[in-house]
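Hi,

Here is the structure I promised to pass on. Have a look at it first, then read my notes below.

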Amino acid sequence: MEANMTTPAQSSDPDIISRSFSMEGNARMLEHQNKAAEIRGFTIKCAEREPMGDNSAPSPLAYFASSILF
């Protein structure tokens with residue numbers, strides 16, 4: 001998986017600054033609906049709640065909500 005973002009768009013206006021970044025990561029499925037992703041040397045794990053999963057890590061929705069709070 002690779003994510004790229006450029007903010008804001010290129011412009012001839014000197015007051016507008018353009019920045020970009022790229023991030024690569026690997027994600028894999030584990031047993032019991034668990035998932036793991038490696039990004040920048042960190043491993044992030046997520047799991048579904050019971051009965052679909054084993055509730056051993058935050059759910060994907062919990063990570064999404066946390067990212068909005070950050």
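Pro51 sits in the loop between E4 and H1, and a cis peptide bond with omega of about 10° joins Glu50 to Pro51. Those labels are DSSP runs numbered from the N terminus: helices are H or I with at least four residues, strands are E with at least two. Ser59 has its place in the loop between E4 and H1 too. Ser59 counts as buried because its relative accessibility is 17% (buried means under 20% relative accessible area, exposed over 50%, partly exposed in between, with a 1.4 Å probe and protein chains only). If you leave aside neighbours within four places in sequence, Ser59 is in contact (heavy atoms within 4.5 Å) with Cys46 and Ala47.

Before you go on, some small print. This is a predicted model, where local features need pLDDT of at least 70 and side-chain atom pairs count only at pLDDT 80 or more, while totals for chains, interfaces and linings use all residues. Residues are numbered from 1 along each chain as its sequence is written, and side-chain values use heavy atoms, with hydrogens and water left out.

Now the overall picture. The protein chain has one helix and four strands, in the order β-β-β-β-α along the sequence. Of its 70 residues, 16% count as buried. The chain exposes about 6,100 Å², with 56% of that supplied by carbon and sulfur atoms (Shrake-Rupley method, 1.4 Å probe; for residues, only the protein chains shown count as cover).

Next, the hairpin. Strand E3 (residues 35-39) pairs with strand E4 (residues 42-46) in the antiparallel sense over five bridges (two strands pair if DSSP finds at least two bridges between them). One of the partnerships is Glu38 with Thr43 in E4. Two residues lie between the strands of this hairpin, and Arg40 in the turn has a positive phi of about 50°. Is Arg40 buried or exposed? Arg40 counts as exposed, because its relative accessibility is 65%.

His32, in the loop between E2 and E3, also has a positive phi, near 60°, and is a residue other than glycine. His32 is exposed, with a relative accessible area of 53%. For background, most residues other than glycine have a negative phi, and most peptide bonds are trans.

Lys45 is in strand E4. Its C-alpha is 9.9 Å from that of Tyr63, and the two are 18 residues apart in sequence. Leaving aside neighbours within four places in sequence, Lys45 is in contact with Lys35, Ala36, Ala57, Pro58 and Tyr63.

Last, the largest pocket. Its volume is about 260 Å³ (the space filled by probe spheres set on grid points, which are joined across faces, edges and corners). On a 1 Å grid over the protein atoms alone, a pocket is an open set of points with protein on both sides within 12 Å along at least five of seven lines, whereas a cavity is a set where a 1.4 Å probe fits but cannot get out; lining residues have an atom within 4 Å of a point. Which of the 13 lining residues are closest to the centre of the largest pocket? They are Ala37, Ile44, Cys46, Tyr63 and Phe64. Strand E2 (19-29), E3, E4 and helix H1 (60-69) each give two or more residues to the lining, and H1 gives the most, with four.

Have fun with it!
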